[in-house]
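Thank you all for coming; please have the sequence and the model open in front of you while I talk. I will begin with the contact between the two chains and then turn to chain B.

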Amino acid sequence: MNIPERLLTRLCVEDFIFREAALLDAWEIDAWLALFAEDGSYEVTPPGVDGPDEISRETVYFLIGDDRKRLEHRISRLSKPNAHVESPRSKVRHVYSNVVVAEDGGGEVTAYANFITFRTKRGTIEYFGRIRFVLARMGDGFMIRNKRVMMDIDALVPQGKVSILL
Amino acid sequence: MGWDQPYESRFLSVDPAAQRFRVSRKCFADAAVFEEEKRKILYKSWLYLCHESEVAKVNDFFVREILDKELLVTRDAAGVNVFYNTCTHRGALLCRNKAGNRKAFGCPYHGWTFAPSGRVLTRNAEVGYRADVDADGAYSLVRVPRLEKRAGFYFINFDPDAISLDEFLGDAGDRIDILNEHTTDGLEVIGYHEYSINGNYKLMCENSYDGYHLMPTHASYFAYQKAMLEGLPQQAPGGFAISLTHGHAAVETDIVSGRPIAQWLPVWGEHARELIEARKVELEARLGATRAAQLGQTNRLMVIFPNTVMNDQQSIQIRSVLPVGYDKMITRAWLLGPKNEDKELRRVRLEGALSFLGPGGFATPDDIEMLELCQRGYAMGGVQWNDLSKGFEAGEETARSTSFWNNELHLRAYWTQYDKMMSA
């Protein structure tokens, strides 16, 4: 059977992001950090904002807007017992679906996935919406250039906070 | 008034000789107390509504829920209006959009239409009413009893007989004015976060200017901060807590982090350094050295009793802390900065704010965790008192008094005002 190139790309992206999610679910956060390119960034756009795909953290007040350096600090903080909100750690489960490759060229793939992430600690909360991955092709695999989480909520009610990695 | 005699009420237990000041946990965890508090405090105090930049142009509007009310805030040619967002005909919620710019608001039920001034536009003799049906304003949208502003910040009061906003703010007023002196162009809202917490709203008010919790709760943030400050002289910040009038209070310390107005961080780069130094020179030339230092070199945390937080740290942040019930709150937090701010300074302002403040930052999630742990501690019952005795000495004045910044003087001022209004 002849599988079109487009589908192969999607399969490769899915394989990569499913593994990415598995690291987060297992709290293997150092290994997760290692998936990010040197110029990689991790962002969570503010709930209720118009056009979350278009905005920049240089002009808009994001919920999270980490360049690689600050992401390292975020991981380092979350690794300490005095990061009280995640100490003891919550249980986390990421579910990715509806993966669509939007652009593929120049050694870079942009893909979107719908997501639901559950966090359980004294009750369960859900985060949901869409994630944009900008992935740099590296040999057989990828490095993350940008992971942008865009939630379909108007406010962090009842979620309250984003203390886990989405 | 000064604390020189023992005092007991439903809410406070004060023993100056023993240097003990305690607050009943009923204030956080009792539904009946909360209902009484709504009546005696929340519906009688000045509550934060918005900054003028949120309705900057004629016909700008937004909808905002405050306590049990949904309010429609508009600007017409004459100024800012705040109405109950309900059609005066049969009561449907009138405006269903969150914000925008609009010349008229149509009710979806029977088609009544209102101008941003609140006047009825379309009900007249042609459709079965007497001509000029709203001549006496009887059909106009109904206003919240009081709306007043200070330095561009609007407050409302549901009590028509309340004292004026300026009188209520008292000594706190100047500390609002100074926020507006960051720039001659005026401030604007840059961003907004809204998040819920399973705790009584007063927990967040206490937390917002509590210096004492900083090191234990935020050690993991300060480890990050230390890395950011590398290469700059570091010392433990000096400063003070000050109780103002009417239960308002502030904590003012030396700055401990980057600020796009006076404190540069090496990670921001050389270009930002030049811009920040130029801002400092401009401030001193415009305001004089003393006021410029008070504005630029001071980390200021302030709570306007009972639920407005006006902080000037990494950036200006206003919080309106709203109860949803006695054990649940919603915090709304607006980030403000100068209009027409240099792009680079705006970028570092956002960076500084993002890392510390906000429900995805390195500090606020741990605060939220602490507040929820407190609420759970109160909910179990069996223990009557919280202690707020740090730095308490016999004869302490409840207003216009100062103490070291990580003492609890300002929290005692808050609770003294609370007790006064609840015991009235």
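With which residue of chain B does Lys161(A) form a salt bridge? The partner is Glu372(B), and the closest N and O atoms of the two residues are 4.0 Å apart. I should say at once that this is a predicted model, and that everything I describe has been computed from it.

That pair belongs to a wider set, since the rule finds five salt bridges across the interface of chain A and chain B, and it also finds 15 residue pairs in polar contact there, with both residues at pLDDT 80 or more. If we ask which elements of chain A give two or more residues to the side that touches chain B, they are strand E2, residues 64-67, and helix H3, residues 68-78. The largest share comes from H3(A), which gives four residues. Sorted by class, that side of chain A has twelve nonpolar, eight polar and ten charged residues.

Now to the extent of the interface. The size of an interface is often given as the accessible area lost when the parts come together. For chain A and chain B the buried area is about 3000 Å², with carbon and sulfur atoms giving 56% of it. On the chain A side, the residues that lose the most area to chain B are Tyr61(A), Arg70(A) and Arg122(A), and together they account for 29% of what that side buries. Counted by contacts, 30 residues of chain A meet 40 residues of chain B.

Let me move on to chain B itself, where an open sheet of four strands runs in the order E2-E3-E4-E21, with antiparallel pairing. Its edge strands are E2(B), residues 7-8, and E21(B), residues 385-387, each of which pairs on one side only. Strand E4(B), residues 20-24, is joined to E21(B) over three bridges in the antiparallel sense, and in E21(B) the bridge partner of Val23(B) is Asn386(B).

Finally, Pro145(B), which sits in the loop between strand E11 (113-114) and strand E12 (146-150) of chain B. Why does Pro145(B) count as partly exposed? The reason is its relative accessibility of 37%, because partly exposed covers the range between the 20% and 50% limits. Beyond its neighbours within four places in sequence, Pro145(B) is in contact with Tyr84(B), Asn157(B), Phe158(B), Asp159(B) and Pro160(B). Its C-alpha atom is separated by 36 Å from that of Tyr7(B), a residue 138 places away along the chain.

Terms used:
Residues are numbered from 1 along each chain as its sequence is written. Chains are lettered from A and ligands numbered from 1 in the order in which they are written. This is a predicted model: local features need pLDDT of at least 70, side-chain atom pairs count only at pLDDT 80 or more; totals for chains, interfaces and linings use all residues. Side-chain values use heavy atoms; hydrogens and water are left out. Contact means heavy atoms within 4.5 Å. Buried area is the accessible area (1.4 Å probe) that two parts lose on being put together, summed over both. A salt bridge is a side-chain nitrogen of Lys or Arg within 4 Å of a carboxyl oxygen of Asp or Glu. A polar contact is a pair of N or O atoms within 3.5 Å; within protein, one must be able to donate a hydrogen and the other to accept it, and residues adjacent in sequence count only if both atoms are side-chain atoms. Ala, Val, Leu, Ile, Met, Phe, Trp, Tyr, Cys and Pro count as nonpolar, Asp, Glu, Lys and Arg as charged, and the others, Gly among them, as polar. Buried means under 20% relative accessible area, exposed over 50%, partly exposed in between (1.4 Å probe, protein chains only). Two strands pair if DSSP finds at least two bridges between them.
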